Amino acid sequence: MVILIIQVGVSILSLDYEDVSVIDQALMRASTANSVHFDVMDGKFVKEKSFDHEFVAKVQSNLKKVVHLMVKQPEKVVDKYIKAGADTIIFHVEATRSPKKLIEHLKKKEVRIGIALNPDTPVNKIEKLIPEVDMVLVMTVKPGKGAQKMIKAPLKKVKSIRKKYPMKDIAVDGGINAENAHEAIEAGANILVSGSYVFGSDDPKLAIDLLRNA
Ligand code: DX5
Ligand code: ZN
């Protein structure tokens, strides 16, 4: 049996992007996380709009920068986020007509690649792409807003991907907290993305520990 270490990505989806120092301070309180997960929203793929690559570049953190692009035609913006210091680029399969081409491009740029699935998108939409990417991100809420309740049905997808790919990074994103994290881990997720639970807690480092050990 393969045992994967559970990692925690702390999600930033703030609309208050004028003041980066607020985010820097929040990240300092969550410095034991494995990565910072930037939720980029374009107002097209999802209703809301968040920050852009300039904001990602300004954030001071030792954590790996993972950029979750909830944007239409991600191929048009990926290079800007790579320049902004992204360690991993996650794009939505629903958002691009040519995921294969985009994967090839990202490989050339030597960045880690994640592919995201909305709660209702079946795994067969990415079946052929999974071997080409480093991470699959399974959304457990509809993208576009933080602090939503976790939808549990997508965990079945986590289970089926894990069965075929024992070593692949599988992230779950949306509504994850210390009460439900164990269900995601049992299904086979090894990366837990969490925003409101970690940052809403009095002690973000403890919250991160509770997620890791759920
Ligand atoms: C949803 C985002 C998530 C989400 C995580 O659109 O992709 O990353 O905001 O935040 P919580 O943990 O509050 O659901
Ligand atoms: Zn996200």
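Me: A polar contact is a pair of N or O atoms within 3.5 Å; within protein, one must be able to donate a hydrogen and the other to accept it, and residues adjacent in sequence count only if both atoms are side-chain atoms. This is a predicted model: local features need pLDDT of at least 70, side-chain atom pairs pLDDT 80 or more, and totals for chains, interfaces and linings use all residues. Residues are numbered from 1 along each chain as written, chains are lettered from A and ligands numbered from 1 in written order, and side-chain values use heavy atoms, without hydrogens and water. Which side chain makes a polar contact of 2.8 Å with the side chain of Asp169?
Reply: Asp169 sits in strand S7, residues 169-173 (strands are DSSP runs of E, at least two residues; helices are runs of H or I, at least four; both are numbered from the N terminus). One polar contact of its side chain, at 2.7 Å, goes to the side chain of Arg112. The contact at 2.8 Å goes to the side chain of Asn190.

Me: Is Asp169 buried or exposed?
Reply: The cut-offs are under 20% relative accessible area for buried and over 50% for exposed, with partly exposed in between (1.4 Å probe, protein chains only). Asp169 has 14% relative accessibility, so the residue counts as buried.

Me: How many salt bridges does the structure hold?
Reply: The term needs a side-chain nitrogen of Lys or Arg within 4 Å of a carboxyl oxygen of Asp or Glu. Lys109 and Asp79 form one such pair. Glu132 and Lys107 form another. The count for the structure is five.

Me: How far apart are the closest N and O atoms in the salt bridge of Lys109 with Asp79?
Reply: Lys109 and Asp79 pair through their side chains as a salt bridge, with the closest N and O atoms 4.0 Å apart. Lys109 lies in the loop between H4 and S5, and Asp79 in helix H3, 30 residues away. Lys109 is partly exposed at 39%, and Asp79 is partly exposed at 29%. The N to O value is again 4.0 Å.

Me: Which residue meets Lys107 in a salt bridge?
Reply: The N to O distance in this salt bridge is 2.6 Å, and the partner is Glu132. Glu132 lies in the loop between S5 and strand S6 (135-139) and Lys107 in helix H4, so the pair ties together parts 25 residues apart in sequence. Lys107 is partly exposed at 35%. At 34% and also partly exposed is the partner asked for, Glu132.

Me: How many residues apart in sequence are the parts tied together by Glu183 and Lys152?
Reply: The side chains of Glu183 and Lys152 meet in a salt bridge of 3.0 Å, N to O. Glu183 belongs to helix H6 (residues 181-187) and Lys152 to the loop between S6 and helix H5 (155-164), so the pair ties together parts whose separation in sequence is 31 residues.

Me: Is Glu183 buried, exposed or partly exposed?
Reply: Its partner Lys152 has 43% relative accessibility, so Lys152 counts as partly exposed. Glu183 has 26%, which makes Glu183 partly exposed.

Me: What value is phi of Gln73 near?
Reply: Most residues other than glycine have a negative phi. Gln73 lies in the loop between S3 and H3 and is partly exposed, at 38%. Its phi is positive, near 50°.

Me: What is the relative accessibility of Glu110?
Reply: Glu110 lies in the loop between helix H4 (99-108) and strand S5 (112-117). Its phi is positive too, near 55°. Glu110 counts as exposed, because its relative accessibility is 75%.
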